[in-house]
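Q: Please take a close look at the surface of this model. I should like a connected account of what is found there and of the contacts and backbone features that go with it.

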Amino acid sequence: PAPGTIIFMASRPNHPALAEIAKAGSPAALEAVRLAYLGRSGSLTAELKQLKDLSEAQRRVVGPKLTAAKRAIEEAVAARALHFASAERIARVEDLDLSRPGVAPRRGSHHPLTLVEREVRKAFGSMNFTFVDGPEVESEHYNFDALNIPADHPARDMWDTFWLEPLKDRAERLLLRTHTSPVQVRFMEENEPPLRIVSIGRVFRYEATDATHEVNFGQIEGLAVSREASLTDLKGVIEGFFREFFDGSVDFRYRASYFPFVEPGFEVDVRIGRGPWLEVMGAGMVHQHVFTSAGYKKGEWQGFAFGCGLDRLAMIKHGITDVRLLYSGDPRVSRQFN
Ligand code: FA5
């Protein structure tokens, strides 16, 4: 039924007030009807007052009829009042233009680094690598010593380090890890080969920022250890990954380089299409000293490792010219990846 329609139910008293309420054309008219029956000098009020003068038997017959009538009138008045209120509301929004285009909700988007990280996981996942994490606050031991970089080794100059205030109850010096390579040792201490892991995370370096250097950036660490892991396997994995990641033709260049935790070591450059050569990662065969610091017996295992800048991958893939944009917190950066 339309709003305000009064339904006379069979069980309700067919009181004459109900028809008047239905006919009331305004809130004022409705109020007048209500007062005529239920007001202080209303007719139903008067009848209810007279109940006390009736005999017990009469009261038992008339009483329920009067209270039922009172309730029916109150309900009808309330329903009619609701009808007036909603009619008023409809009048107020009558100029509503339902054909006007709506306001589209703004959809969020993932940060380009998140998207790149997911692609990296997909590619290495398909090559049966397991993903592991390591702490960002690292000890001097795992970040340097266990990786064959003793205190007096000149290679320590390669990483400008954020040192942390030493904890009172810990002799060990703590730092913000300068690379993800400490994860290699942490994982090997707990696991026996053969193994294949990738660790993606934040690293920190105390250096001046420019378009290609941040103080805080992401690295992808890879490690595979078995009886006969070889350079050929390393090349196969790296090239397989980049071909999938860049979805097409990629050229590779390997340049001899030095990292104390690999031997031999090299840098990998890639070229996409006819673009320039870009340095994307350090890599090499795991140094036996790293195996021994992880508790493996010298000469028993062979492994390869690589460390790649996550930000650089994102920049190359999406033509981002300044790494600092990735950490600017500017939503316009992410919005372009919707
Ligand atoms: C390392 O950090 C080695 N741990 C990599 C490695 C792992 C070598 C395993 C061998 C075996 P390097 O300092 O070159 O190496 O950094 C690796 C990558 O991180 C670089 O190729 C670059 O892509 C990225 N990178 C380095 N410094 C910055 C920086 N300040 N901002 C952004 N990306 C950086």
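A: A residue is called exposed when its relative accessible area is over 50%, buried when that area is under 20%, and partly exposed in between. The model discussed here is predicted. By this cut-off Leu96 is exposed, because its relative accessible area is 55%. Leu96 belongs to the loop between α4 (56-92) and α5 (112-125). Together with Val93 and Leu98, Leu96 makes a nonpolar surface patch of about 350 Å².

From this patch the account moves to the pockets. The largest pocket holds about 670 Å³ of space. Its lining comprises 33 residues, and the closest to its centre are Arg205, Phe217, Gln219, Glu279 and Gly307. At least two lining residues come from each of the strands β5 (216-226), β7 (262-272), β8 (278-286) and β9 (302-309), and from the helix α10 (310-318). Sorted by class, this lining contains 15 nonpolar, ten polar and eight charged residues.

The second largest pocket has about 230 Å³ of space. It is lined by 15 residues, with Leu113, Glu117, Arg202, Leu310 and Tyr327 nearest its centre. Two or more residues of this lining come from each of α5, β4 (195-204), β5 and α10. The class division here is six nonpolar, five polar and four charged residues. Among these contributors, β5 and α10 were also named for the largest pocket.

Two of the helices that contribute to the second largest pocket, α5 and α10, also take part in a salt bridge. In general, side chains of opposite charge can pair when their charged atoms come close. The whole structure has 16 salt bridges. One of them joins Glu119 and Lys317, whose closest N and O atoms are 2.5 Å apart. Glu119 is in helix α5 and Lys317 in helix α10, so this pair ties together parts that are 198 residues apart in sequence. Glu119 is partly exposed, at 29% relative accessibility, and Lys317 is partly exposed as well, at 29%.

A salt bridge is also formed by Arg173 and Glu140, with 3.3 Å between the closest N and O atoms. Because Arg173 sits in the loop between α6 (140-143) and β3 (174-176) while Glu140 sits in helix α6, the pair ties together parts 33 residues apart in sequence. The two partners fall on opposite sides of the 20% limit: Arg173 is partly exposed, with a relative accessible area of 42%, whereas Glu140 is buried, with 15%.

A further pair is Arg227 with Glu300, whose closest N and O atoms lie 3.8 Å apart. This pair links distant parts of the chain, 73 residues apart: Arg227 is in the loop between β5 and α8 (231-246), and Glu300 is in the loop between α9 (288-293) and β9. Both ends are partly exposed, Arg227 at 48% and Glu300 at 33%. Shared partners also connect salt bridges, and one network so formed contains Glu140, Asp145, Arg156 and Arg173.

Strand β8, one of the elements that line the largest pocket, includes Leu278. Leu278 is partly exposed, with 29% relative accessible area. From Leu278 to Ser99 the separation is 179 residues in sequence and 54 Å in space, C-alpha to C-alpha.

The backbone remains to be described. Most residues other than glycine have a negative phi, and most peptide bonds are trans. In this model the peptide bond from Pro193 to Pro194 is cis, with omega near 0 degrees; Pro194 is in the loop between α7 (182-190) and β4. The bond from Glu263 to Pro264 is likewise cis, with omega near 0 degrees, and Pro264 is part of strand β7.

Positive phi values occur at two asparagines. Asn128 has phi near 70 degrees and is located in the loop between α5 and β1 (130-131). Asn148 also has phi near 70 degrees, and its place is in the loop between α6 and β3. Their accessibility differs in class: Asn128 is exposed, at 62%, while Asn148 is buried, at 18%.

How values were computed: Residues numbered from 1 in each chain as written. Predicted model: local features only at pLDDT ≥ 70, side-chain atom pairs only at ≥ 80, totals over all residues. Heavy atoms only, no water. Patch = residues over 30% accessible without salt bridge, like charges linked within 9 Å, V, L, I, M, F, W, Y side chains within 5 Å. Areas by Shrake-Rupley, 256 points an atom, 1.4 Å probe, with all protein chains shown as cover. Salt bridge = Lys/Arg side-chain N within 4 Å of Asp/Glu carboxyl O. Helix = DSSP H or I, 4+ residues; strand = E, 2+ residues; numbered from the N terminus. Buried < 20%, exposed > 50% of the residue type's maximum accessible area, 1.4 Å probe, protein only. 1 Å grid on protein atoms, 1.4 Å probe; cavity = no way out; pocket = protein on both sides within 12 Å on 5 of 7 lines; lining within 4 Å. Points joined across faces, edges and corners; volume = space filled by probe spheres on them. Nonpolar A, V, L, I, M, F, W, Y, C, P; charged D, E, K, R; others polar.
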